[in-house]
Amino acid sequence: MDYRENYRQWCTDPYFDEETKRELASIASDEPEIEDRFYRRLEFGTGGLRGVIGAGTNRMNIYTVRQATQGLANYIVSQHGQEKGVAIAYDSRRMSPEFADEAALCLNANGIRTYRFESLRPTPELSFAVRHLGCIAGIVITASHNPREYNGYKVYWEDGAQITPPHDQNILAQVAKVTEFSEVKTMEREAAVQQGLYQTIGGAVDDLYMEQLKQQSIHPELIKQAAGDIKIVYTPLHGSGNLPVRRVLKELGFVHVYVVKEQELPDGAFPTVAYPNPEDEKAWTLALKLAKEVDADIVLATDPDADRLGVYAKDTESGEYVSFTGNMSGMLIAEYILRERTAAGSMPQRPALVETIVTTDMAKAIASDYHTELIEVLTGFKYIGEQIKLFEQQHTYNYVFGLEESYGCLAGTYARDKDACVAVMMLCEAAAYYKLQGKTLWDAMLTMYEKYGYYKEGLTTRTLKGIDGAKQIQEMMSRARSNPPKTLGGFRVLAVRDYKEGVRKDMETGETAPTGLPASNVLYYELAQNAWCCVRPSGTEPKIKYYFGVKGCSLEDANEKLLELKQAVLSQS
């Protein structure tokens, strides 16, 4: 069926509601828009769905959510997981409560019990709830940090992590089989409640989650000593972090926590920001304004589903606030945990630090300093969560901390996804520790640079939308794969890791060896002078991503090297 036939079906079939048909009638004369909405079915990737909200097969709506859920239900039934059930959470985005309900009722119609949160919750709390409730799976309705027009649907498995092999491909196959909406089951909510299939959860799970967060604290006594002197500004960016972040800080004893009022309440329109992403400096305008008014020590922002944390800290010399990348804040937390647990004698046997291949190489230096195993995984926090499960199953290492460059980390094993709530908690505890020494977090970061080296990382992307976008991205990857460069800027290419082929090739000797990681459409260039570059298509957006890393002898030197490398890579792409 071509896109025009799909469009006509949605406009006329009684299965689709009148509001959907009115929306589609309004674009009747816009051929490019019709084509974009109907040229394909919204792709269910290895993590789930993500797309623009609207009517059409290539959009996020109740029909595409039901269709995906029916495929998931079929797989759960094949695994005899109906009684274990599925936990469901959602964030503040438009249509999130409705999509959560549609997913629950589709599962219920297939005989699968659901546990739906009564109101919005952070994604990491869903990860915790899956394991706490003994569910076979979990769903969270969120588009994370994407623009306001997006929403999404992420699937978790019984270990509390986003789906990984073999379940990801098995679920993908089941979703692909649901080609007709007539195959999709649903039922009325009242009937589902009466049959005990639809259950609502909330406060009791919140309390248990909060206790797990507080258990990650290493020096609660230091917080009490310094809490009265530390000023914290926080913004949830209209998302789900507001209540849990404020609660954990209050229960730990922090006194001066100032919340950006204009961004405090949940709002899927995100009226004060163009892009609800703590990686975007424009999202910080109001928070930094408040920070200057109250003379804050630390400024924090979480994304809509509260799994990513952005940070600014005061530079005492200039009085200005310095932006921290996810690598920088992650390294501050990592070193604090490794150092203080080692000093306190609470480090487990065979400790492990886990990071993705595009995360800072400073992690290797820190892990080595504290005799901790450093394990690299593919991009995506689900692979970090998977390592926790494998450690437990194989009795190899004990997970201490995990992080990725995109502002996500996890301390502890209560959840299996990145958690901005615990990141806030640990970073504020570290700030208290340094405050008692007369230092700021920026002072601590400078000390780490001096000790381990001036590591600097960057990321740039190219967006290629529409029907031809995906094709262009694949062509760019193919060209790079077939014609690897010998140099990138002033850096010699020492080796190329092709994760799609599973091979690392030494560019000087020609020798090859396995990468040791699962197949993925990623190219990684090991460069001279401790530099590197990585290229991969985004798994959730029509983008190709370029990651860079260098090591300098000063901040200025590192910045210059990074700029040179970035310009060289973009000129060859």
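**Figure 1. Overall view of the predicted chain.** Of the 573 residues in the chain, 59% are buried (buried: under 20% relative accessible area; exposed: over 50%; partly exposed: in between; 1.4 Å probe, protein chains only). The model is predicted: local features need pLDDT of at least 70, side-chain atom pairs count only at pLDDT 80 or more, and totals for chains, interfaces and linings use all residues. Residues are numbered from 1 along each chain as its sequence is written, and side-chain values use heavy atoms, with hydrogens and water left out. The chain has 19 helices and 23 strands (DSSP runs, numbered from the N terminus; helices are H or I with at least four residues, strands are E with at least two). The C-alpha trace spans about 65 × 55 × 50 Å along its principal axes. The radius of gyration is 24 Å, which agrees with the value near 25 Å for a compact globule of 573 residues (taken over C-alpha atoms; the globule rule is 2.2 Å times the number of residues to the power 0.38). Among contacts with a separation of 6 or more, 68% come from residues 24 or more positions apart (contact: heavy atoms within 4.5 Å). About 22,700 Å² is exposed by the chain, and carbon and sulfur atoms supply 48% of it (Shrake-Rupley method, 1.4 Å probe; for residues, only the protein chains shown count as cover).

**Figure 2. The six-stranded open sheet.** The strand order is S1-S5-S4-S2-S3-S6, with mixed pairing (two strands pair if DSSP finds at least two bridges between them). Strand S1 (48–52) and strand S6 (198–201) are at the edges; each has a single partner strand, so one side of each lacks a neighbour in the sheet. Neighbouring strands are turned by 20 degrees against each other on average, direction ignored (axes are lines fitted to C-alpha atoms, for helices over the stretch in contact; angles run from 0 to 180 degrees between N-to-C directions). Strand S4 (residues 137–141) and strand S5 (residues 150–157) run antiparallel, joined by 5 bridges. Val 140 has Lys 154 in S5 as its bridge partner.

**Figure 3. Helix H6 and its surroundings.** Helix H6 (residues 123–133) is largely enclosed by the rest of the structure, because 8 of its 11 residues are buried. The buried residues are Thr 123, Pro 124, Glu 125, Leu 126, Ser 127, Phe 128, Ala 129 and Val 130. They pack against strand S2 (86–90), strand S3 (114–117), S4, S5 and helix H9 (203–214). Gly 134 follows H6 and has a positive phi, near 70 degrees.

**Figure 4. The H9–H16 crossing.** The axes of H9 and helix H16 (residues 420–435) come within 10 Å and cross at roughly 35 degrees. The crossing is right-handed (right-handed if the near helix is turned clockwise from the far one by less than a right angle, left-handed if anticlockwise). H9 contributes Tyr 209, Leu 213 and Lys 214 to the contact, and H16 contributes Cys 421, Val 422 and Met 425.

**Figure 5. The four-stranded open sheet and its hairpin.** Here the order is S13-S12-S14-S15, and the pairing is mixed. Strand S13 (373–377) and S15 stand at the edges with a single partner strand each, so one side of each is without a neighbour in the sheet. Strand S12 (residues 351–356) pairs with S14 in the parallel sense over 5 bridges. Glu 355 stands opposite Leu 403 in S14. Strand S14 (residues 398–404) runs antiparallel to S15, with 4 bridges; Phe 401 has Ala 411 as its bridge partner. From strand S15 (residues 408–411), Gly 408 and Leu 410 point one way, Cys 409 and Ala 411 the other, and all are buried. Helix H13 (residues 326–344) lies across S12, S14 and S15, running at about 165 degrees to S14.

**Figure 6. Backbone details in three loops.** In the hairpin of S14 and S15, 3 residues lie between the strands. Tyr 407 in this turn has a positive phi of about 65 degrees although it is not a glycine. At 12% relative accessibility, Tyr 407 counts as buried. Gln 529 lies in the loop between strand S21 (523–527) and strand S22 (531–537). Gln 529 has a positive phi of about 60 degrees, and it is not a glycine. At 45% relative accessibility, Gln 529 counts as partly exposed. Pro 166 sits in the loop between S5 and helix H7 (167–177). A cis peptide bond, with omega about 5 degrees, joins Pro 165 and Pro 166.
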